[in-house]
Amino acid sequence: MPEKDDAEREFDLKWADGAAHKEPSARARMLAARWKENPPEPVPFRGDPDRVASPRSSWLSTALVLGCVAAVILLLGYARFQAPY
(Lines give C-alpha, C1' and ligand atoms only; values in the text may rest on other atoms or scores of the structure.)
Protein backbone atom coordinates (compact mmCIF):
# COMPACT_ATOMS: atom_id res chain seq x y z
CA MET A 1 0.00 0.00 0.00
CA PRO A 2 1.58 3.27 -1.03
CA GLU A 3 2.31 5.88 1.62
CA LYS A 4 0.14 8.98 1.71
CA ASP A 5 1.90 12.21 1.01
CA ASP A 6 1.74 15.11 3.46
CA ALA A 7 -1.06 16.93 1.63
CA GLU A 8 -3.39 13.90 1.75
CA ARG A 9 -2.53 13.22 5.39
CA GLU A 10 -3.20 16.87 6.31
CA PHE A 11 -6.55 16.69 4.51
CA ASP A 12 -7.51 13.52 6.41
CA LEU A 13 -6.62 15.10 9.77
CA LYS A 14 -8.60 18.27 9.02
CA TRP A 15 -11.56 16.20 7.89
CA ALA A 16 -11.46 14.04 11.04
CA ASP A 17 -11.01 17.01 13.39
CA GLY A 18 -13.89 18.85 11.76
CA ALA A 19 -16.39 16.06 12.38
CA ALA A 20 -19.68 17.26 13.86
CA HIS A 21 -20.03 14.31 16.27
CA LYS A 22 -17.16 12.57 17.98
CA GLU A 23 -17.73 9.21 19.64
CA PRO A 24 -16.47 8.97 23.23
CA SER A 25 -13.68 6.54 24.01
CA ALA A 26 -14.39 3.12 25.44
CA ARG A 27 -13.12 4.23 28.86
CA ALA A 28 -15.39 7.29 28.82
CA ARG A 29 -18.39 5.09 27.98
CA MET A 30 -17.46 2.61 30.71
CA LEU A 31 -17.12 5.35 33.35
CA ALA A 32 -20.37 7.01 32.27
CA ALA A 33 -22.23 3.70 32.66
CA ARG A 34 -20.61 3.02 36.05
CA TRP A 35 -21.28 6.54 37.36
CA LYS A 36 -24.90 6.41 36.23
CA GLU A 37 -25.50 3.59 38.75
CA ASN A 38 -23.00 4.62 41.42
CA PRO A 39 -21.82 8.25 41.18
CA PRO A 40 -18.36 9.01 42.64
CA GLU A 41 -18.00 10.93 45.89
CA PRO A 42 -16.73 14.51 45.65
CA VAL A 43 -12.99 14.82 46.23
CA PRO A 44 -11.34 18.07 47.40
CA PHE A 45 -8.84 19.62 45.01
CA ARG A 46 -5.92 19.21 47.38
CA GLY A 47 -7.14 16.90 50.06
CA ASP A 48 -5.04 15.96 53.07
CA PRO A 49 -2.78 13.04 52.17
CA ASP A 50 -3.07 9.97 54.34
CA ARG A 51 -0.15 9.62 56.72
CA VAL A 52 1.90 6.61 55.72
CA ALA A 53 3.94 5.04 58.50
CA SER A 54 7.61 4.50 57.79
CA PRO A 55 8.48 0.83 57.37
CA ARG A 56 11.54 1.31 59.62
CA SER A 57 11.48 2.78 63.07
CA SER A 58 13.33 6.00 63.84
CA TRP A 59 15.95 4.33 66.05
CA LEU A 60 16.85 1.92 63.27
CA SER A 61 17.35 4.79 60.84
CA THR A 62 19.48 6.66 63.39
CA ALA A 63 21.61 3.56 64.03
CA LEU A 64 22.08 3.08 60.29
CA VAL A 65 23.26 6.69 59.79
CA LEU A 66 25.62 6.57 62.79
CA GLY A 67 27.00 3.23 61.58
CA CYS A 68 27.73 4.70 58.15
CA VAL A 69 29.45 7.72 59.70
CA ALA A 70 31.58 5.46 61.92
CA ALA A 71 32.52 3.31 58.91
CA VAL A 72 33.61 6.40 56.94
CA ILE A 73 35.69 7.67 59.88
CA LEU A 74 37.39 4.27 60.25
CA LEU A 75 38.00 4.03 56.50
CA LEU A 76 39.58 7.50 56.40
CA GLY A 77 41.70 6.71 59.44
CA TYR A 78 42.91 3.48 57.86
CA ALA A 79 43.70 5.23 54.57
CA ARG A 80 45.68 7.95 56.40
CA PHE A 81 47.51 5.29 58.40
CA GLN A 82 48.54 3.53 55.17
CA ALA A 83 49.56 6.72 53.33
CA PRO A 84 53.35 7.25 53.09
CA TYR A 85 54.68 10.52 54.50
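**Notebook: a nonpolar patch and a salt bridge**

I began at the surface, where Val65, Val69 and Ile73 make a nonpolar patch of about 270 Å². For patches, I took residues with over 30% relative accessible area and no salt bridge, joining like charges within 9 Å and nonpolar side chains (Val, Leu, Ile, Met, Phe, Trp, Tyr) within 5 Å. Areas are from the Shrake-Rupley method with a 1.4 Å probe, and for residues only the protein chains shown count as cover.

This is a predicted model, in which local features need pLDDT of at least 70 and side-chain atom pairs count only at pLDDT 80 or more, while totals for chains, interfaces and linings use all residues. Residues are numbered from 1 along each chain as its sequence is written, and side-chain values use heavy atoms, leaving out hydrogens and water.

Next I looked up valine 69, which sits in helix α3 (residues 58–82). Helices are DSSP runs of H or I with at least four residues, strands are E runs of at least two, and both are numbered from the N terminus. Valine 69 is partly exposed, at 43% relative accessible area; buried means under 20%, exposed over 50%, and partly exposed in between (1.4 Å probe, protein chains only).

Then the overall fold: I found three helices and zero strands. Of the 85 residues, 1% count as buried.

How many salt bridges does the structure hold? I found one, between the side chains of glutamate 23 and arginine 29 at 3.0 Å, N to O. The cut-off is a Lys or Arg side-chain nitrogen within 4 Å of an Asp or Glu carboxyl oxygen. Glutamate 23 is exposed at 63%, while arginine 29 is partly exposed at 40%.

Last, I checked confidence: pLDDT (the predictor's confidence in each residue, from 0 to 100) averages 80.
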